[in-house]
Amino acid sequence: MLFLLLTTAAICSLAAGAAQYGSVQCRTEYTTLWDTEYKETETQVCTTEYEKVCKTETERLCHPTSRQECSTVYEKQCKTVYKNVCVEQYKTEYEPYTETECSTEYKEDCEYQWEGYGNNKVWAPIAGTCMKNPYETCKDVVKTKEKQVAHQVCNDVPEQKCVNVPKKKCVVVLGPEICTNQPIQKCKEVPRKNCKAVHKKVPVRISRKVPKKVCQDGH
């Protein structure tokens with residue numbers, strides 16, 4: 001209301017002033033003026049928060065049982081051992097010995113007489129008196145005799161020696177299930193809306209028209 005009265009008074013004053021001037025032509029124009037005012041606002045601001053909610057429930061839990069059963073088994077274990085084995089073999093050997101060998105030879109035996117003269121006398125066989133007589137000649141001869149002689153040949157012969165070794169063998173045998181009722185806590189996140197009022201002052205731009213006097217020289 002106050003703004004309206006001031007505007008009216010200003011227009012009247014300008015009109016009076018225009019009458020006082022002679023050669024200067026004036027007119028009134030309106031211009032826009034801007035200003036800022038603050039407006040209070042209240043808004044609801046909400047956020048979602050999660051709350052952990054738990055409750056106890058009873059659940060039947062079962063687990064299997066087992067037992068161990070053992071028995072004795074025999075396992076064959078072997079190792080290589082070496083045994084000295086001897087065998088009788090024969091080889092040929094030559095034994096030396098001495099033997100007397102005799103041989104018969106024949107030579108002529110004759111009657112002799114001197115023949116020749118002086119220093120040239122020699123014994124000469126008388127014809128018709130010679131005869132062949134046997135003569136034996138003996139001598140020792142070294143000989144060898146073949147014979148088979150036994151001797152032992154020994155070697156290390158490998159052989160497997162095995163024994164049955166007792167061993168404990170165990171297996172796991174499944175038994176019946178054992179079940180019990182157990183309290184279990186189950187939790188979940190529950191969303192909750194949390195709101196609060198927010199007061200703010202918000203700037204608001206406003207405009208108004210004001211008169212403006214514009215003059216021109218008439219000359």
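**Questions on the predicted model**

Student: How does Glu 69 count by relative accessibility: buried, partly exposed or exposed?
Tutor: In this predicted model, the relative accessibility of Glu 69 is 36%. Buried would require under 20%, and exposed over 50%. At 36%, therefore, Glu 69 counts as partly exposed.

Student: Which side chain does Glu 69 meet in a salt bridge?
Tutor: A salt bridge requires a side-chain nitrogen of Lys or Arg within 4 Å of a carboxyl oxygen of Asp or Glu. The N to O distance for the pair that includes Glu 69 is 2.8 Å. The other residue is partly exposed, with a relative accessible area of 46%. The partner of Glu 69 is Arg 67.

Student: How many salt bridges does a search of the whole structure find?
Tutor: Among them is the bridge between Arg 67 and Glu 69. Another joins the side chains of Glu 57 and Lys 186, at 3.5 Å from N to O. For the whole structure, the search gives a count of nine.

Student: How many residues apart in sequence are the parts that Glu 57 and Lys 186 tie together?
Tutor: The side chains of these two residues form a salt bridge. Glu 57 belongs to strand β1 and Lys 186 to strand β4 (residues 131-217), so the bridge ties together parts whose separation in sequence is 129 residues.

Student: Which residues are linked in a network of salt bridges with Glu 57?
Tutor: Glu 57 has a relative accessible area of 29%, so the residue is partly exposed. Lys 186, at 40%, is also partly exposed. The network that contains Glu 57 includes Lys 186 together with Lys 55.

Student: How many residues apart in sequence are the parts that Lys 147 and Glu 95 tie together?
Tutor: The side chains of Lys 147 and Glu 95 meet in a salt bridge, with 3.5 Å from N to O. Because Lys 147 lies in strand β4 and Glu 95 in strand β1, this pair ties together parts with a separation in sequence of 52 residues.

Student: How does Lys 147 count by relative accessibility: buried, partly exposed or exposed?
Tutor: Its salt-bridge partner Glu 95 has a relative accessible area of 37% and is partly exposed. Lys 147 stands at 36%, so Lys 147 counts as partly exposed.

Student: What pattern does the protein chain follow, read along the sequence?
Tutor: The protein chain contains one helix and four strands. Ser 23 is found in the loop between α1 (2-20) and β1, and Val 85 lies in β1 itself, which covers residues 24-109. Read along the sequence, the pattern is α-β-β-β-β.

Student: What distance separates the C-alpha atoms of Gln 25 and Asp 217?
Tutor: Gln 25 is found in strand β1. Leaving out residues up to four places away in sequence, Gln 25 touches Val 214, Cys 215 and Gln 216. Asp 217 is 192 residues from Gln 25 along the chain, and their C-alpha atoms are separated by 6.3 Å.

Student: What distance separates the C-alpha atoms of Ser 23 and Gln 216?
Tutor: Ser 23 counts as partly exposed, because its relative accessibility is 36%. Ser 23 and Gln 216 are 193 residues apart along the chain, and the separation of their C-alpha atoms is 8.9 Å.

Student: Which residues form an aromatic pair, and is the pair tilted or stacked?
Tutor: A pair of aromatic rings is described by the distance of the centres and the angle of the planes. The count comes to one aromatic pair. Its centres lie 4.4 Å apart with 40° between the planes, and the residues are Trp 114 and Trp 123, in an arrangement that is tilted.

Student: Which residue has its charged end over the ring of Tyr 135?
Tutor: A charge sits over a ring only if NZ of Lys or CZ of Arg is within 6 Å of the ring centre and within 35 degrees of the ring normal. Here the charged end is 4.6 Å from the centre of the Tyr 135 ring, and the residue is Lys 107.

Student: Which residues form a nonpolar patch on the surface with Val 85?
Tutor: Val 85 has a relative accessibility of 35%, so the residue counts as partly exposed. The patch has about 200 Å² of accessible area together, and the residues that join Val 85 are Val 87 and Val 157.

Student: What percentage of the 219 residues in the protein chain do buried residues make up?
Tutor: The accessible surface of the chain comes to about 19300 Å², and carbon and sulfur atoms hold 51% of it. A residue is buried at under 20% relative accessible area. Such residues make up 2%.

Key:
Residues numbered from 1 in each chain as written. Predicted model: local features only at pLDDT ≥ 70, side-chain atom pairs only at ≥ 80, totals over all residues. Heavy atoms only, no water. Patch = residues over 30% accessible without salt bridge, like charges linked within 9 Å, V, L, I, M, F, W, Y side chains within 5 Å. Areas by Shrake-Rupley, 256 points an atom, 1.4 Å probe, with all protein chains shown as cover. Helix = DSSP H or I, 4+ residues; strand = E, 2+ residues; numbered from the N terminus. Buried < 20%, exposed > 50% of the residue type's maximum accessible area, 1.4 Å probe, protein only. Phe/Tyr/Trp six-rings, centres within 6.5 Å; stacked < 30°, edge-to-face > 60°. Contact = heavy atoms within 4.5 Å.
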